[in-house]
Amino acid sequence: MEQTTLKNLEDKLEQLLKKYQLLQKENKQLKNSLSETETALAKSQKACEALQLKLDAGIISTTKTMDQHQQQLLQNRIDQYLKEINKCLTLLDA
């Protein structure tokens, strides 16, 4: 009886160690995935900032020769672009 109890305990300990090793492996993979995602997010944010600077420069250079209606159309397009960029950033944060 004592022998079977000891054997059952050894089996359960073995199963527990296997689960622990699997969890360690999964944790390592998740950390790597998180690191890659954070790197991609940082690159996307830098690209977004660069595009925003270009956009701002373009607006400044073109608004001097536009009439009020053209400026409003441009502003609407810019607002739409910014909404799309914010959606992309939100998706990357998720």
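**Figure 1. The whole chain, with two helices and zero strands.** Helices (H or I, at least four residues) and strands (E, at least two) are DSSP runs, numbered from the N terminus. This is a predicted model, where local features need pLDDT of at least 70 and side-chain atom pairs count only at pLDDT 80 or more, while totals for chains, interfaces and linings use all residues. Residues are numbered from 1 along each chain as its sequence is written, and side-chain values use heavy atoms, with hydrogens and water left out. Laid along its principal axes, the C-alpha trace spans about 95 × 20 × 5 Å. The radius of gyration is 28 Å, whereas a compact globule of 94 residues would sit near 12 Å. That radius is taken over C-alpha atoms, and the globule rule is 2.2 Å times the number of residues to the power 0.38.

**Figure 2. The surface of the chain and how much of the chain is buried.** Just 5% of the 94 residues count as buried. Here buried means under 20% relative accessible area, exposed means over 50%, and partly exposed is anything in between (1.4 Å probe, protein chains only). The accessible surface adds up to about 8600 Å², and carbon and sulfur atoms own 59% of that. These areas come from the Shrake-Rupley method with a 1.4 Å probe; for residues, only the protein chains shown count as cover.

**Figure 3. Close-up of the K7 and D11 pair in helix 1.** Side chains of opposite charge can pair when their charged atoms come close. The count for this model is one salt bridge, meaning a side-chain nitrogen of Lys or Arg within 4 Å of a carboxyl oxygen of Asp or Glu. D11 makes it with K7, and their closest N and O atoms are 3.5 Å apart. The two are separated by about one helical turn, because they are four residues apart in helix 1. Both ends get some cover: D11 is partly exposed at 31% relative accessible area, and K7 is partly exposed at 46%. For a sense of scale, D11 and D93 are 82 residues apart along the chain, with 43 Å between their C-alpha atoms.

**Figure 4. Close-up of a nonpolar patch made of L13, L16 and L17.** Together these leucines put about 300 Å² of accessible area on the surface. Patches are built from residues with over 30% relative accessible area and no salt bridge; like charges are joined within 9 Å, and nonpolar side chains (Val, Leu, Ile, Met, Phe, Trp, Tyr) within 5 Å. L17 belongs to helix 1, which runs over residues 2-63. With a relative accessible area of 47%, L17 is partly exposed.

**Figure 5. Close-up of C48 and C88, two cysteines without a bond between them.** How many disulfides does the rule give? The count comes to zero, a disulfide being a pair of cysteine sulfur atoms within 2.5 Å. C48 is in none, and the nearest cysteine sulfur, in C88, is 8.6 Å away. That gap is too far for a bond, so C88 stays unpaired with C48. As for cover, C48 is buried, with a relative accessible area of 18%, whereas C88 is partly exposed at 47%.

**Figure 6. Two more stops on helix 1, at L23 and K54.** Is L23 buried or exposed? L23 counts as exposed, because its relative accessibility is 53%. From L23 to Q75 it's 52 residues in sequence and 51 Å in space, C-alpha to C-alpha. K54 counts as exposed too, at 63% relative accessibility. K54 and L82 are 28 residues apart in sequence, with 13 Å from C-alpha to C-alpha.
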